[in-house]
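The following exercises are to be worked with the sequence and the coordinates at hand. Each task is followed by a solution in steps.

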Amino acid sequence: MGNTDQSWGTQFVLLGLSGYPELGAIYCVLVLPMYLVILIGNGVLIIASTFDSHLHIPMYVFLGNLSFLDICYTSSSVPSTLVNLISKKRNISFSGCAVQMFFGFAMGSTECSLLGMMVFDRYVAICNPLRYPGGIIMSKVVYVLMACVSWFSGGINLVVQTSLAMQLPFCGNNVINHFTCELLVVLKLACADISLNIITMVISNMAFLVLPLVVIFFSYMFILYIILRMNLATGRCKAFSTCSAHLTVVIIFYGTIFFMYAKPKSQDLFGEDNLRAMEEIVSLFYGVVIPMLHPLIYSLRNKDVRAAAKYLLSHKAVNQQDQWKCGSLVDKE
């Protein structure tokens, strides 16, 4: 209990780009518009998938969940990072650090699960096209349950990691060479044995990173096999276009994660400054660029999403115009 109370009184220092003040200004100029694009783009996708009846099918339900997840994930870290850079305040409380660590960890776990669920939907749509439209396999109960399982599993992962980390004491130099609090980096600052935390993280990575990736890989192998057996070229092109957006997101998401964990650790190879700059760029790409790309990838490559977004935006503009006209008439009277 004493260790827990001591931890809650701990302050962490986020170095970020403190050694490069000119890059900090550039970071703010770049990230703020990106964050606004994330909020607007994903917000439009959520509204479109919720209020347009044509998009009430499994793929767009999963897409709406993914958009909501991206907003939650970026909102847990980007605003505080921008405030810290502008105000030159590098300190963050243990509670604030915990929110960034575990909220981000839960969102990452949920996203991996959602990507696995989405590829199963694509598999059913292509490999069993006659049983897909009527909801024989992917009924509303099934795909809503799949989405709930993704969020519930991410929440369970959050509870486990949080309960273990909250018990650790932090009594050393709590300096984090990063923009935000990352779980593994913070665990290394604890002045206690973290072997149990590492074991649970390995199990978590196997369950939420490796397992969905295996499901995605074999699903696309079956999908590719079915596509190559199609006689008509138009059918093959349509099937490829159906999977292209999801496959692009998977490659970017897992490619970035692989680079983060597989990059060289030796400072002699790239130099300490270059290695640190590389880590910050990858962190920016993973935390901001990928959530920004999601609505762009799905909206630009999907005519249904584009049509729904245009209809909703034009409908809202017409309503505002009608309200303005009614207000003008009232004023004249």
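**Exercise 1. A tyrosine in a helix**

Is tyrosine 60 buried or exposed? Describe its surroundings as well.

Solution. The structure is a predicted model. Step 1: tyrosine 60 belongs to helix 3. Step 2: its relative accessible area is 3%. Buried means under 20%, so tyrosine 60 is buried. Step 3: when neighbours within four places in sequence are left aside, the contacts of tyrosine 60 are Ser49, Leu55, Asn302, Asp304 and Val305. Step 4: isoleucine 46 is 14 residues from tyrosine 60 along the chain, and their C-alpha atoms are separated by 9.0 Å.

**Exercise 2. The chain as a whole**

State how many helices and strands the chain has, and characterise its burial and its contacts.

Solution. Step 1: the secondary structure comprises 12 helices and 3 strands. Step 2: of the 333 residues in the chain, 45% are buried. Step 3: consider the contacts with a separation of 6 or more; residues 24 or more positions apart account for 80% of these.

**Exercise 3. The sheet**

Determine the order of the strands and the direction of each pairing.

Solution. Step 1: the 3 strands form an open sheet in the order 2-1-3, and the pairing is mixed. Step 2: strand 2 (91-93) and strand 3 (175-176) are the edge strands, each pairing on one side only. Step 3: strand 1 (residues 11-14) and strand 3 run parallel and are joined by 2 bridges; leucine 14 has isoleucine 176 as its bridge partner in strand 3. Step 4: strand 1 and strand 2 run antiparallel and are joined by 3 bridges; glutamine 11 has serine 93 as its bridge partner in strand 2. Step 5: the side chains of strand 1 alternate, with Phe12 and Leu14 buried on one face, whereas Gln11 and Val13 point to the other and are not buried. In general, the side chains of a regular strand alternate between the two faces of the sheet.

**Exercise 4. Helix 5**

Compare the span of helix 5 with its expected value, and place the helix relative to the sheet.

Solution. Step 1: helix 5 has 34 residues, for which 1.5 Å a residue gives an expected 50 Å. Step 2: the distance from its first C-alpha to its last is 49 Å, close to the expected value. Step 3: 28 of the 34 residues are buried, so helix 5 is largely enclosed by the rest of the structure. Step 4: helix 5 lies across strand 1, strand 2 and strand 3, and runs at about 85 degrees to strand 2.

**Exercise 5. Helix 6 and its partners**

Test the span of helix 6, then identify the helices against which its buried residues pack.

Solution. Step 1: helix 6 (residues 140-165) has 26 residues and should span 38 Å at 1.5 Å a residue. Its end C-alpha atoms are 38 Å apart, in agreement with that value. Step 2: the buried residues of helix 6 include Tyr143, Met146, Ala147, Ser150 and Gln161. Step 3: the buried residues pack against helix 3 (58-75), helix 5 (94-127), helix 7 (183-187) and helix 8 (195-228). Step 4: helix 3 and helix 6 pack at an angle of about 25 degrees, and their axes are 10 Å apart. Angles under 35 degrees count as roughly parallel, and helix 3 and helix 6 are therefore roughly parallel to each other. Step 5: the crossing of helix 3 and helix 6 is right-handed. Step 6: Pro58, Val61, Phe62, Asn65, Phe68 and Leu69 of helix 3 meet Tyr143, Met146, Ala147 and Trp151 of helix 6. Step 7: threonine 200 lies in helix 8 and touches Gln161 and Leu164, residues up to four places away in sequence not being counted. Threonine 200 is buried, with a relative accessible area of 16%.

**Exercise 6. A distant pair in sequence**

Which distance separates serine 299 and leucine 45, C-alpha to C-alpha?

Solution. Step 1: serine 299 lies in helix 11 (residues 272-300). Step 2: serine 299 and leucine 45 are 254 residues apart in sequence, and their C-alpha atoms are 8.1 Å apart in space. Step 3: serine 299 touches Val305 and Arg306, residues up to four places away in sequence not being counted. Val305 is also one of the contacts of tyrosine 60.

Key. Residues are numbered from 1 along each chain as its sequence is written. This is a predicted model: local features need pLDDT of at least 70, side-chain atom pairs count only at pLDDT 80 or more; totals for chains, interfaces and linings use all residues. Side-chain values use heavy atoms; hydrogens and water are left out. Helices (H or I, at least four residues) and strands (E, at least two) are DSSP runs, numbered from the N terminus. The expected span of a helix is 1.5 Å times one less than its number of residues. Buried means under 20% relative accessible area, exposed over 50%, partly exposed in between (1.4 Å probe, protein chains only). Contact means heavy atoms within 4.5 Å. Two strands pair if DSSP finds at least two bridges between them. Axes are lines fitted to C-alpha atoms, for helices over the stretch in contact, and angles run from 0 to 180 degrees between N-to-C directions. Angles under 35 degrees count as roughly parallel, over 145 as roughly antiparallel, 65 to 115 as roughly perpendicular and the rest as oblique. A crossing is left-handed if the near helix is turned anticlockwise from the far one by less than a right angle, and right-handed if clockwise.
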